[in-house]
Amino acid sequence: MTEIKYMQKALEQAKKAYIFDEVPIGAVIVDPQDGKIVARAYNKTEYGKDVTAHAEILALRKACKKLKAKRLWGLDLYVTLEPCAMCAAAISFARIRKLVFGAIDEKGGAVVSGTKFYQSKTCHHRPEVVSSVLAEQSAKMLKAFFQSKR
């Protein structure tokens with residue numbers, strides 16, 4: 001299944017974050033037409049001292065820069081954790097075609113949890129959403145990371 005293949009790539013990015021002592025969340029942006037990965041990223045909030053440096057935001061920035069575009073029409077985003085409100089909004093503004101994520105984030109998520117951003121009247125673009133792809137692997141890595149901090 002294609003979704004598993006790309007989520008594994010996002011998990012590889014999350015592992016990099018873990019190694020650098022960042023919250024292990026990874027993201028990849030894919031062009032479903034040719035199957036090529038357009039951008040990859042992982043959380044860098046600690047490294048950059050930047051609260052906006054979430055994996056999704058960094059991947060969106062990289063893809064826009066690479067494609068010299070402000071919208072990412074027709075592209076898919078794979079991320080290991082349900083996006084927060086900031087990231088959900090950015091995904092909408094970027095016009096991502098499909099959002100696929102791993103673990104559900106009951107505390108900070110904003111897609112199927114919390115504010116459910118894409119169900120808001122003020123949301124102008126709603127990507128197709130697929131949740132819980134390789135969720136167990138994503139959740140396991142996050143739990144291990146936070147347990148190591150206690």
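What follows is a conversation about a predicted model of one protein.

Visitor: What makes the protein as compact as a globular protein of its length?
Guide: Set two values side by side. The radius of gyration is 14 Å, and the globule rule gives 15 Å for 150 residues. The two are close, so the protein is as compact as a globular protein of that length. Along its principal axes the C-alpha trace spans about 40 × 35 × 30 Å.

Visitor: Which elements make up the protein, and in what pattern?
Guide: There are four helices and five strands. Along the sequence they follow α-β-β-α-β-α-β-β-α.

Visitor: How many of the contacts join residues far apart in sequence?
Guide: Take the contacts with a separation of 6 or more. Of these, 57% are between residues 24 or more positions apart.

Visitor: Why is Leu-11 called buried?
Guide: The cut-off for buried is under 20% relative accessible area. Leu-11 has 8% relative accessibility, so Leu-11 counts as buried. Its place is in helix H1, residues 2-19.

Visitor: What does Leu-11 touch beyond its neighbours within four places in sequence?
Guide: Leu-11 is in contact with Thr-80, Leu-134, Gln-137, Ser-138 and Met-141. Tyr-42 is 31 residues away from Leu-11 in sequence, and their C-alpha atoms are 9.3 Å apart.

Visitor: Thr-80 is on that list. How do you know whether Thr-80 is buried or exposed?
Guide: Apply the cut-off of under 20% again. Thr-80 has a relative accessible area of 1%, so Thr-80 is buried. Thr-80 belongs to strand E3. Leaving out residues up to four places away in sequence, its contacts include Met-7, Ala-10, Leu-11 and Ala-14. Pro-24, Ile-25, Gly-26, Gly-102, Ala-103 and Ser-138 are also among them. Across the protein, 49% of the 150 residues count as buried.

Visitor: What makes up the largest nonpolar core?
Guide: The core has 32 residues. Ile-29, Leu-72, Ile-96, Leu-99 and Tyr-118 touch the most other members. Strands E1, E2, E3 and E4 and helices H2 and H3 each supply at least two residues. H2 gives the largest share, six residues. Apart from this core lies another, of 13 residues, with Tyr-6, Leu-11, Ala-14 and Met-141 among them.

Visitor: Why would such residues sit together?
Guide: In soluble globular proteins, nonpolar side chains tend to be buried together.

Visitor: Which residues does Leu-99 contact, leaving aside neighbours within four places in sequence?
Guide: Leu-99 is in contact with Leu-77, Val-79, Pro-83, Ile-91 and Val-111, among others. Tyr-118, Pro-127, Glu-128, Val-129 and Val-130 are also on its list.

Visitor: Which residues of H3 are buried, and what covers them?
Guide: Cys-87, Ala-88, Ala-89, Ile-91, Ser-92 and Ala-94 are buried in H3. Their cover includes H2, E3 and E4. Just after H3, Arg-95 takes a positive phi of about 65°.

Visitor: What lines the largest pocket?
Guide: There are 13 lining residues. Asp-105, Lys-107, Leu-142, Lys-143 and Phe-146 are the closest to the pocket's centre. Helix H4, residues 135-149, gives the largest share of the lining, five residues. The lining divides into six nonpolar, two polar and five charged residues. The volume of the pocket is about 390 Å³.

How values were computed
Residues numbered from 1 in each chain as written. Predicted model: local features only at pLDDT ≥ 70, side-chain atom pairs only at ≥ 80, totals over all residues. Heavy atoms only, no water. Core = buried A, V, L, I, M, F, W, Y, C linked by side-chain atoms within 4.5 Å. Buried < 20%, exposed > 50% of the residue type's maximum accessible area, 1.4 Å probe, protein only. Contact = heavy atoms within 4.5 Å. 1 Å grid on protein atoms, 1.4 Å probe; cavity = no way out; pocket = protein on both sides within 12 Å on 5 of 7 lines; lining within 4 Å. Points joined across faces, edges and corners; volume = space filled by probe spheres on them. Nonpolar A, V, L, I, M, F, W, Y, C, P; charged D, E, K, R; others polar. Rg over C-alpha atoms; globule rule 2.2 N^0.38 Å.
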